[in-house]
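I am keeping these notes for someone who has not met this structure before. I set down each thing I looked up, in the order I looked it up.

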Amino acid sequence: MRRKVENLLSGRQPSDAVIALTDVYTGTDDFVDAADAKAKMRRWVGPNPSFHPHVAQHDFEAWLLPYWDEIQKLARHIRKAPAAAPETVDHKHPPSYHLQEIFRVGTGRDYYSKVRDANRILRNKDLAIAAAQCPELKAFLNRILTLSGGTPI
């Protein structure tokens, strides 16, 4: 990771900054939580003020849970949303599992596809709604906004 970041920052067309994004749940036990993942990425890269690690706690789908009504429409099922705050949904049963389950039991598509369905869930949505419920998403969005000269949310 260090080499990739250094190449992006000092290559032929150098970037001003590098933003890394990972899930806590990667299919391994590499990370305990978002803070652990960010600390490990910082260690892997070394001290570099132009490197900004960010993490979806527990996985990207946590950021979709605030739009559960849209998920229900696409899956064609009225299964209730997970009760916890989106980024606190259990690590042993992460948000992506909840999406897979509602799509499996619904009469819409028979499976959840991150590439296809996340786009459909988020289309024309106000990301500030999810950011208000998801501190890691808010930090990620604010990093992008700040680095691009925008106003944080």
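How does F60 count by its relative accessibility: buried, partly exposed or exposed? I should say at the outset that I am reading a predicted model. I looked up F60 and found a relative accessibility of 22%, and because buried means under 20% and exposed over 50%, F60 counts as partly exposed.

I then placed F60 along the chain, and it is found in the loop between β2 and α3. Leaving aside residues up to four places away in sequence, I listed D23, K114, A118 and L122 as the residues that F60 touches. I also checked F60 against I121, and the two are 61 residues apart in sequence while their C-alpha atoms are 13 Å apart in space.

**Entry on strand β2.** I turned next to β2, which covers residues 51-56, and noted that it is mostly covered, with six of its six residues buried. Which residues of β2 point one way, and which the other way? I found F51, P53 and V55 pointing one way and H52, H54 and A56 pointing the other, and all of these are buried. I reminded myself that in a regular strand the side chains alternate between the two faces of the sheet.

For the pairing, I looked at strand β1, residues 18-23, which runs parallel to β2 and is joined to it by six bridges. As one case I followed I19, whose bridge partner in β2 is H52. I also noted that β1 and β2, together with helix α2 at residues 34-45, make a right-handed β-α-β unit.

**Entry on helices α3 and α4.** At what angle do α3 and α4 pack? I read an angle of about 35° between α3, residues 68-75, and α4, residues 95-105, with their axes 8 Å apart. The crossing of these two helices, α3 and α4, is right-handed. On the α3 side of the contact I wrote down W68, I71, Q72, L74 and A75, which meet H98, L99, I102 and F103 in α4. When I sorted the residues of this contact by kind, they divided into seven nonpolar, two polar and no charged.

**Entry on E70.** Is E70, which has its place in helix α3, buried or exposed? I found that E70 counts as buried because its relative accessibility is 15%, and buried means under 20%. Again without residues up to four places away in sequence, I recorded that E70 touches R120, I121 and K125.

Technical notes:
Residues numbered from 1 in each chain as written. Predicted model: local features only at pLDDT ≥ 70, side-chain atom pairs only at ≥ 80, totals over all residues. Heavy atoms only, no water. Buried < 20%, exposed > 50% of the residue type's maximum accessible area, 1.4 Å probe, protein only. Helix = DSSP H or I, 4+ residues; strand = E, 2+ residues; numbered from the N terminus. Pairing = 2+ DSSP bridges. Right-handed = clockwise from strand over helix to strand, strands pointing away. Axes fitted to C-alpha atoms, helices over the stretch in contact; angles between N-to-C directions. Left-handed = near helix turned anticlockwise from the far one by under 90°. Contact = heavy atoms within 4.5 Å. Nonpolar A, V, L, I, M, F, W, Y, C, P; charged D, E, K, R; others polar.
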